[in-house]
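Biologist: Before I plan any work with this chain, I would like you to take one part of it and look at it closely, while also telling me how that part sits within the rest. Please go slowly, and keep to what can be read from the model itself.

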Amino acid sequence: MANNFEMTQEQLDVLLDAMNPVPMIAINVCTGMSRQARANNAWASLGRDMGFDHMTVKPNGKGARFFTAEETCKGIDLGSGNFSGCDASSGDCPSCGR
Ligand SMILES: [Zn+2]
């Protein structure tokens, strides 16, 4: 199920930075990564921080910081902000049932 997310201004800045064209001064330097790859990486890292699957991100029309995405399952809540993790494969996860 898709959930609504709101990123902070700092997180948005990181994303926009990653999506920006490489500055003139860096054009002759091989960065090893395309603009698209850098944007994907930035989204993937944000997804890990916020708990969503970056491949499912869709804008929800509320603004640049707002989007919907499928929440990733963190597994069993072990307390104190720790989770068991979930690989969504053994079918015995009490959180998502996968
Ligand atoms: Zn799960």
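Modeller: Two strands pair here if DSSP finds at least two bridges between them. With that criterion, 3 strands form an open sheet whose order is E1-E3-E2, and their pairing is antiparallel. Its edges are strand E1 (2–6) and strand E2 (58–59), each of which pairs on one side only. E2 and E3 run antiparallel and are joined by 2 bridges, and lysine 58 has threonine 68 in E3 as its bridge partner. As general background, the strands of a sheet pair through backbone hydrogen bonds, either parallel or antiparallel.

This is a predicted model, and confidence should be considered before any detail: the chain averages a pLDDT of 86, with 90% of the residues scoring at least 70. Among the elements, the highest mean pLDDT, 96, belongs to strand E3 (residues 66–70), whereas strand E5 (residues 82–83) has the lowest, 87. The chain holds 2 helices and 5 strands, and from the N terminus on these elements run β-α-α-β-β-β-β. Buried residues account for 6% of the 98 residues. Of the contacts between residues at least 6 apart in sequence, 33% join residues at least 24 apart.

The part I would choose for the close look is helix H2. H2 covers residues 35–50, which makes 16 residues, and from its first C-alpha to its last it reaches 22 Å, close to the 22 Å expected at 1.5 Å a residue. Its buried residues are Trp43, Leu46 and Gly47. These three lie on the same side of H2, because the arc they cover around the axis is only 105 degrees. The general reason for such a pattern is that an α-helix has 3.6 residues a turn, so residues three or four places apart point the same way. On the other side of H2, Ala37, Arg48 and Asp49 are exposed. After the helix comes glycine 51, with a positive phi near 85 degrees.

What do the buried residues of H2 pack against? Their partner is helix H1 (9–19). Valine 14 lies in that helix, H1, and its C-alpha atom is separated by 7.2 Å from that of alanine 42, although the two residues are 28 apart along the chain. Valine 14 has 14 other C-beta atoms within 10 Å, and it therefore counts as partly exposed, since that class lies between the limits of 12 or fewer for exposed and 20 or more for buried.

The loop between H1 and H2 contains asparagine 20, whose C-alpha atom is separated by 7.4 Å from that of arginine 35, 15 residues apart along the chain. Asparagine 20 is classed as exposed because 11 other C-beta atoms lie within 10 Å.

Beyond the helices, one further backbone detail deserves a careful look. Serine 80, a residue other than glycine, has a positive phi near 55 degrees. Serine 80 is placed in the loop between strand E4 (77–79) and E5, and it counts as exposed because it has 5 C-beta neighbours inside 10 Å.

Terms used. Residues numbered from 1 in each chain as written. Predicted model: local features only at pLDDT ≥ 70, side-chain atom pairs only at ≥ 80, totals over all residues. pLDDT = per-residue confidence, 0-100. Helix = DSSP H or I, 4+ residues; strand = E, 2+ residues; numbered from the N terminus. Expected span 1.5 Å × (residues − 1). Arc of directions from axis to C-beta. Contact = placed C-beta atoms within 7 Å.
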